[in-house]
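Trainee: Please take a close look at the surroundings of the ligand for me. Then work outward to the packing of the chain.

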Amino acid sequence: MKILFLVFKDNEKLEFYQLAPLYLEAYCRNKIDMSWDIEIIDIELPKIYEQYDLIALSNCFFDYNEFKNLCLYLKNYCKLLVGGGPMMKFFDEKLLKNNVINGICYGPGEKPFLELLKSLKINKEEAIKFMENHQSWKTPKTINKEIIFSELSEEELNDIPYLNFYLYKQKVMMTTLLLQEGCNGCCTFCTVSQIHTKTKTKTLDTIKKELDFYANSFSKYFYLVDDDPFTDWSFYKPILEYMVEKKYKIMIQNLQWNSLFEEQIMLLKKIYVDSSINLNPDAGCERVYKEIVHKRGDFKKIKKVISLLKQYKFTVVIKILIGYPGETKEEIDSYENLRQEWDYDNIYIDQVLPFKDTELRKICDDNNYFYEDMDKNIYEVNTPEWNNNWLKNKIDYLMKRLN
Ligand code: SF4
């Protein structure tokens with residue numbers, strides 16, 4: 001059985017290796033006989049897609065028409081197309097209704113993917129039937145009535161075989177290592193907490209073995225991935241100490257700033273290759289952070305963390321989201337002064353978008369705030385307080401003013 005996984009050109013540099021296809025392959029590896037390719041898609045080049053029994057697409061981009069046309073093109077060669085990834089939440093119904101794609105997986109895909117492969121092992125008709133019966137594969141928290149497959153348990157996450165980064169057919173400069181998956185938080189806009197029931201953490205023993213394996217097989221440079229920013233520092237400390245001892249390096253890191261101590265910064269400093277560190281408070285002011293985003297932790301702490309990082313000569317990159325329904329014009333205007341508030345080096349400001357099944361989407365749907373026209377690639381939030389155009393212009397202005 002030959003499976004092709006496509007990832008998009010945006011990720012061509014593959015600074016970040018997409019973990020989804022690697023996890024799917026690792027989970028299914030010893031359970032079913034298959035051969036597996038990953039390609040970075042470039043439809044300009046002739047490809048021999050016929051040889052594959054199934055093509056899976058990880059969708060991280062936002063143009064419905066581009067995605068639809070790509071699927072229709074691929075369907076000329078391979079009749080079985082399955083999609084996953086965050087943007088599917090916007091396109092799902094339309095893609096399925098128009099028979100552009102056979103199946104969509106929301107959230108963790110390992111278990112449904114294995115079932116799909118088992119049906120494909122019988123024959124293609126079985127696989128098509130499987131897809132028709134389970135057109136959208138949902139995770140527990142997403143849709144209560146239609147639980148089809150459970151997510152991986154903590155034990156299963158620890159038991160997954162090592163990922164094969166060579167599938168990307170590129171020199172592996174840096175290995176992405178997942179430390180934990182999911183989040184115990186419930187931020188209004190966040191899909192992580194919607195698709196995982198809670199934070200699942202790998203054991204220190206698993207993490208150490210993975211670090212050793214990937215350092216020996218691929219690269220001793222790492223990007224450590226974790227979802228829950230409220231994980232205690234005691235979890236990170238032995239990992240960082242082990243990396244210092246083994247002379248492993250960290251190349252990129254999103255800093256879980258809520259649990260940050262000076263001791264952690266000193267350890268990071270020893271193993272950090274670059275000097276740039278990302279902090280994501282996700283909101284521009286304390287009221288929005290607490291009352292609208294419903295984020296745990298202390299918003300005020302970000303200021304202290306930035307100055308601590310600067311003391312240790314890190315370059316600090318901040319990311320905030322704006323455009324939450326309920327966020328006032330005055331609050332958004334006040335972000336013009338963030339430079340005085342925070343001593344960052346760079347700031348990215350994005351519009352928050354209401355992904356399906358999130359609290360934010362519910363607010364938008366209940367109040368008719370969200371307008372989408374996928375064919376025209378339009379996704380807008382308009383509230384009585386401000387409209388989408390005003391917000392977009394504001395974001396452009398803030399990006400210029402604050403950087
Ligand atoms: S803390 Fe982060 S990962 Fe957790 S729910 Fe909030 S935004 Fe999502």
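**Ligand shell and helix packing**

Mentor: This is a predicted model. Start with the shell. The ligand is surrounded by Cys183, Gly185, Cys186, Cys187, Cys190, Val192, Ser193, Asp227, Asp228, Pro229, Asp282 and Lys295. Sorted by class, these shell residues comprise six nonpolar, two polar and four charged. Asp227, Asp228, Asp282 and Lys295 supply the charged part. Gly185 and Ser193 count as the polar pair.

Now move to the helices. Take helix 8 and helix 9 to begin. Helix 8 covers residues 204–217, and helix 9 covers residues 233–246. Their axes lie 10 Å apart, at an angle of about 25°. That angle is under 35 degrees, so helix 8 runs roughly parallel to helix 9. The handedness of this crossing is right-handed. On the helix 8 side, the contact uses Leu204, Ile207, Lys208 and Leu211. Helix 9 answers with Pro238, Ile239, Tyr242 and Met243. By class, this contact has seven nonpolar residues, no polar ones and one charged. The charged one is Lys208.

Stay with helix 9, since helix 10 packs against it too. Helix 10 spans residues 262–271. Here the axes come within 10 Å and cross at roughly 30°. Helix 9 and helix 10 are therefore roughly parallel to each other. This time the crossing is left-handed. From helix 9, the contact draws on Trp233, Tyr236, Leu240, Glu241, Met243 and Val244. From helix 10 come Gln264, Leu267, Leu268, Lys270 and Ile271. The count by class is eight nonpolar, one polar and two charged. Gln264 is the polar residue, while Glu241 and Lys270 are the charged ones. Note Met243: this residue of helix 9 appears in the contact with helix 8 and again in the contact with helix 10.

Next, look at another helix pair. Helix 1 (residues 19–29) meets helix 4 (residues 110–122), with axes that come within 9 Å. They cross at roughly 60°. Helix 1 is therefore oblique to helix 4. The crossing is right-handed. Tyr23, Leu24, Tyr27 and Cys28 form the helix 1 side. Glu110, Phe113, Leu114 and Leu117 form the helix 4 side. Again by class, there are seven nonpolar residues, no polar ones and one charged. Glu110 is the charged residue.

Last, the domains. The assignment gives domain 1 as 2–146 and domain 2 as 310–403. In their contact, seven residues of domain 1 meet six of domain 2. Within domain 1, two elements each give two or more residues to this side: helix 2 (64–75) and helix 3 (88–97). Helix 3 has the largest share, three residues. The domain 1 side divides by class into two nonpolar, two polar and three charged residues.

Conventions:
Residues are numbered from 1 along each chain as its sequence is written. This is a predicted model: local features need pLDDT of at least 70, side-chain atom pairs count only at pLDDT 80 or more; totals for chains, interfaces and linings use all residues. A residue is near a molecule or strand if its C-beta atom, placed from the backbone, lies within 6 Å of it. Axes are lines fitted to C-alpha atoms, for helices over the stretch in contact, and angles run from 0 to 180 degrees between N-to-C directions. Helices (H or I, at least four residues) and strands (E, at least two) are DSSP runs, numbered from the N terminus. Angles under 35 degrees count as roughly parallel, over 145 as roughly antiparallel, 65 to 115 as roughly perpendicular and the rest as oblique. A crossing is left-handed if the near helix is turned anticlockwise from the far one by less than a right angle, and right-handed if clockwise. Two residues are in contact if their C-beta atoms, placed from the backbone, lie within 7 Å. Domain bounds come from an automatic or database domain assignment.
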